[in-house]
Amino acid sequence: MKKLFSTSLLLAILISAVGCQNHKKKLPRIAIAGLAIESSTFSPAVSHEDAFRARYGDSVFSYYPFFAADSGIVDRAVWLPTLRGHAMPGGIVSREAYESLVSKTLDSLKAKLPLDALFFDVHGAMSVQGLDDPEGDFLVRIRELVGTDVLISTSMDLHGSVSPRLAQNTDLITCYRLAPHEDAIESKKRAVTNLLDRLENGKGKPAYKAWIPVPILLPGEKTSTRIEPGKSLYAQIPEVIEKDKVIDASIWMSYPWADEPRNHGVVVAYGDDKEAVGKAAEKLAAHFWNVRKEFDFVAPTVYLDEALEKALASDKKPFIISDMGDNPTAGGAGDVTWTLQEILKRPELKSPRAKSLIYASIPGEEFVKKAKEIGVGGKIDATAGAAVDNRFAPPVRITGTITAIHEGHPNAKTEVVVRNGNTSVIVTERRMAYHYEKDFTKLGLNPRETDILVVKIGYLVPELYDMRADWLMALTPGGVDQDLLRLDYKRINRPIYPLDPDMADPDLNATFIPLSDEIKR
C-alpha cells in the first residue's frame, strides 16, 4: 500500500512537471525592439550612432519598470529583447547610423525566431538622411524578416508621425496622452498589455484600423495637455474606447521641425467593430480640427528683449525664461549662442547690485578642457558654443571665475560653472538639457533662490514648472524655432494649418487601413 502511494505520488509529480513545461511552451515569444529620437531637419546638426546609447539583450528591460518580477506582466510571455536605442533629440540621423542600428536589430531578431509578437517602441519623429518615414521603413524590414503572422504592438510619442505604411504594418498602435509626457511608461505598458490580451484571448489582429490625417502642424509648446484645448481633446480618448469594439484610439500632433510629407496630425483607432472604430476616429479628428484656432502657447510668449525686461522688473524668483529656439530636447543643436550673447550684453546684469542669473547651458569642449587645466577658483577667458549651429551668432566669449567643475555626467560629460558678477553660466563638454533641481545643486547653484533662470527648453518639465514663480517663453532663433512661419518648408503637404490659415475644411472621414496580412512597402 505504501509502495503504491509512493508510485502514485511520483506519477502525479511527473504529470504536474510535464504540465508546467507544456504551459511554459505555450507562453508567447515576444521580442522587444525600437529606436527613439526627435530630429530636426532645420538644424545643421547630425546625430550619429553613439547618440542612441543603444542597449542590447537583457539590459533593454531597464527601460521598463513594468517588467519587474512582481508586475504580473513578465510571467505572461517569454520576453526576447533585442536592441533599444533612445537618443536626446537632435539633428537628422546619419544614414550610416540608421543602417547600422537597424541591421543590428534585425540580426538579433533573426537569432530569436520564431516569434509570436513584437513590442515595437519608437518615438516617431526620426529623420534620416535620404530616407522618408524611417519608422515605417524600419517596420517593413522587420515584417520582411518575422513574417505577417507575428502580432506587432507599437508605442509612440504623441509628437511622432504615423504614415499609412506604419499604420498598416503594425497591428496595435498607441501614443502618449499627456504633454509633458508624464504618462510615457503608462502608455508603453498599455501597448504591452493590449498585445498580451490579444494573444491570450486568441483574437489576434484587430479586425479594423481607422486612420485619419488631420492637416494641422503645431509645436508642442502650443499643444500641452495641461491647458485647453489639448486637455479636453485628449480627455475624450477613454470615452471612445469600448472593450474589443474599440481597443484603443490615439491622437498624434506630429513634429513641426521636420520637413517631410508625413508630418501632420493623425488620429488612429482600432478594434473589432468597424462602425465603432470609424466613429471613434472621426469624433476625435473632428474635435481636433474644430479647436485648431484655440491652441496657444502654454505660457506667455514674447521675444527675448521683452522677456529680459520683464524678468529684471519682477520681484518673483525664480523667474524662468525658456530659450526655445535651440531647445535640445526638441531637436535643437543646443549650441546656438545668440541668447547668451544678448544676456551678456545687458548692462543691468553687470552692476554689483544686479539680479542673479543662471544660464543653462552652452556646450564648449575646448572651453571645458581649458577650465579643467585652470581649476576651481581660477579665472577663465575663452569662447564656447556655435561649433555646430553658428547661423545666428558666433562663439560666445565667457569670462569669470570658475566656481565648479563636475565630471562624469552621462550626457554632459564634464560641466563647468563660470561666475561673472551675479551671472553664472554653465558650460558643458557635450550638450545637456537642465530639467531637474539636482542638476543645479550638484554644481553649487540654487535655482530656487536665483532671480532669473534661463534654460534651453520649451514648455517646462514638471520639476521646473513646480519651481517657477513666474515664467515666459522666449521666441529665440535656432533649429526648433517656435515661429513656424519663419521656417522654410518645402516638402510638407499643403494646405496645412496654421501655415494656410484660411484653408477649406478637410475630409475627416475614416480611411480603413488594411491588416498587416500583406506587407505595405
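This tour visits a pair of helices, then a further helix, and lastly a strand with its partner.

The model is predicted, so local features need pLDDT of at least 70 and side-chain atom pairs count only at pLDDT 80 or more, while totals for chains, interfaces and linings use all residues. Residues are numbered from 1 along each chain as its sequence is written, and side-chain values use heavy atoms, with hydrogens and water left out.

Select residues 95-111 and 134-146, helix 2 and helix 3, which pack at an angle of about 25° with their axes 10 Å apart. That angle makes the two helices roughly parallel (angles under 35 degrees count as such). Their contact (heavy atoms within 4.5 Å) involves residues including Tyr98, Val102 and Leu109 of helix 2 and Phe138, Arg141 and Leu145 of helix 3.

Move next to residues 184-200, helix 5, whose 17 residues should span 24 Å at 1.5 Å a residue (1.5 Å times one less than the number of residues), in agreement with the 25 Å between its end C-alpha atoms. Among its buried residues (under 20% relative accessible area, 1.4 Å probe, protein chains only) are Lys188, Arg190, Leu195 and Arg198. After helix 5, look at Gly202, which has a positive phi near 75°.

Finally, select residues 248-252, strand 11, where 5 of the 5 residues are buried, so the strand is largely enclosed by the rest of the structure. Asp248, Ser250 and Trp252 lie on one side, and Ala249 and Ile251 on the other. Adding residues 265-271 shows strand 12, which runs antiparallel to strand 11 and is joined to it by 5 bridges; here Trp252 stands opposite Val266.

Technical notes: Helix = DSSP H or I, 4+ residues; strand = E, 2+ residues; numbered from the N terminus. Buried < 20%, exposed > 50% of the residue type's maximum accessible area, 1.4 Å probe, protein only. Pairing = 2+ DSSP bridges. Axes fitted to C-alpha atoms, helices over the stretch in contact; angles between N-to-C directions. Parallel < 35°, antiparallel > 145°, perpendicular 65-115°, else oblique.
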